[in-house]
Amino acid sequence: YAAANWDTITNNNFKNGAGWGLYYQSGTPGKVAGNDFTGCNNAFFLQSASSFALDSNTFANNSVNSIYLQSCNSLKIKNLNLSGSGSGTAITLNGGNNNVFDSIYSCSRSIGIRLFNNCQNNKIIYSHFAKSNTAISLDNSSVQNTTIQHVDFYQNTTKISNNGTSTSISA
């Protein structure tokens, strides 16, 4: 559990945690990289962060959430493999604007990326979703102006559940 004022969280072993591997509440870390979250029920929680980039961490077989973002803005989540064992969600965004999810690979998850609760102007680009129940879920009309571009889908039950407004989808 980390609460604000931690600048760098690198090269840690958070494997097989029953709770959260890393719970960062109310703030923006300087760097989170090189950490191993394999087997955690919930891997990484981040709240009220802005202008932050997350990549170069290991996420595998997280049974509930790999990455849960709450009220986060202008984040760059990129180059991550968030594969699982058939359950859980790779990335959840619960409120947040102007975030970019770039080069995300999600396989065998219930949901690849889920956006809900006042999310605006977010982008999901150059990503790959395979064998999910739902690859991308835009849960309600408060999810607005989402861009989904250059995304590949393979053997998902539902590619995009789009209950958002003004969604742009292109190949």
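Strands, in what I am about to say, are DSSP runs of E with at least two residues, helices are DSSP runs of H or I with at least four, and the numbering starts from the N terminus. The model on the screen is a predicted one. In those terms, His 150 sits in the loop between β17, which covers 147-149, and β18, which covers 152-154, and I will come back to this residue after a look at the whole chain.

So, the overall picture: how many helices and strands does the secondary structure of the protein come to? The count is zero helices and 20 strands. The radius of gyration of the protein is 15 Å, close to the 16 Å that the globule rule gives for 171 residues, so the protein is as compact as a globular protein of that length. If you take a box along the principal axes, the C-alpha atoms fill roughly 35 × 30 × 20 Å.

Buried residues make up 47% of the 171 residues, and the protein exposes about 7,300 Å², of which carbon and sulfur atoms supply 40%. Among the contacts between residues at least 6 apart in sequence, 37% join residues at least 24 apart. As for charge, there are 9 positive and 6 negative side chains, and the centres of the two sets lie 4 Å apart.

Let me turn to individual strands, beginning with β8, which spans residues 65-70 and holds Leu 69. Leu 69 has a relative accessible area of 0% and is therefore buried. Its C-alpha atom is separated by 5.0 Å from that of Leu 46, although the two residues are 23 residues apart along the chain. Setting aside neighbours within four places in sequence, the contacts of Leu 69 include Leu 46, Leu 75, Ile 77, Ile 91 and Phe 101.

Tyr 68 also lies in strand β8. The relative accessible area of Tyr 68 is 16%, and because buried means under 20%, Tyr 68 counts as buried. Tyr 68 and Asn 42 are 26 residues apart in sequence, with 8.3 Å between their C-alpha atoms. When residues up to four places away in sequence are not counted, Tyr 68 touches Trp 20, Phe 44, Phe 45, Leu 46, Thr 92, Asn 94 and Phe 116.

On strand β5, residues 42-47, I would pick out Gln 47. Is Gln 47 buried or exposed? At 16% relative accessibility, Gln 47 counts as buried. Beyond its sequence neighbours up to four places away, Gln 47 touches Tyr 24, Gln 25, Ser 26, Gly 27, Gln 70 and Cys 72.

That last partner brings me to the cysteines. A disulfide is a covalent bond between the sulfur atoms of two cysteines, and a search of the whole structure finds zero disulfides. Why is Cys 72 without such a bond? The closest cysteine sulfur, in Cys 119, is 10 Å from the sulfur of Cys 72, which is too far for a bond, the cut-off being 2.5 Å. Cys 107 is likewise in no disulfide, with the nearest cysteine sulfur, that of Cys 40, 19 Å away. Cys 72 is buried at 0% relative accessibility, and Cys 107 counts as buried at 15%.

In strand β12, residues 111-120, we find Gly 112, which is buried at 0% relative accessibility. With neighbours within four places left aside, Gly 112 is in contact with residues including Ala 90, Ile 91, Ser 106, Phe 129 and Ala 135. From Gly 112 to Ile 160, a separation of 48 residues in sequence, the C-alpha to C-alpha distance is 9.9 Å.

Finally, the backbone in two loops. Most residues other than glycine have a negative phi. Against that background, His 150 has a positive phi of about 55 degrees although His 150 is not a glycine, and at 33% relative accessibility His 150 counts as partly exposed. Lys 131, which is not a glycine either, has a positive phi of about 55 degrees. Lys 131 is placed in the loop between β14 (128-130) and β15 (134-138), and at 44% relative accessibility it counts as partly exposed.

Methods: Residues are numbered from 1 along each chain as its sequence is written. This is a predicted model: local features need pLDDT of at least 70, side-chain atom pairs count only at pLDDT 80 or more; totals for chains, interfaces and linings use all residues. Side-chain values use heavy atoms; hydrogens and water are left out. Buried means under 20% relative accessible area, exposed over 50%, partly exposed in between (1.4 Å probe, protein chains only). Contact means heavy atoms within 4.5 Å. The radius of gyration is taken over C-alpha atoms; the globule rule is 2.2 Å times the number of residues to the power 0.38. Accessible areas come from the Shrake-Rupley method with a 1.4 Å probe; for residues, only the protein chains shown count as cover. Lys and Arg count as positive and Asp and Glu as negative; His and the chain ends are not counted. The place of a charge is taken as NZ of Lys, CZ of Arg, CG of Asp or CD of Glu.
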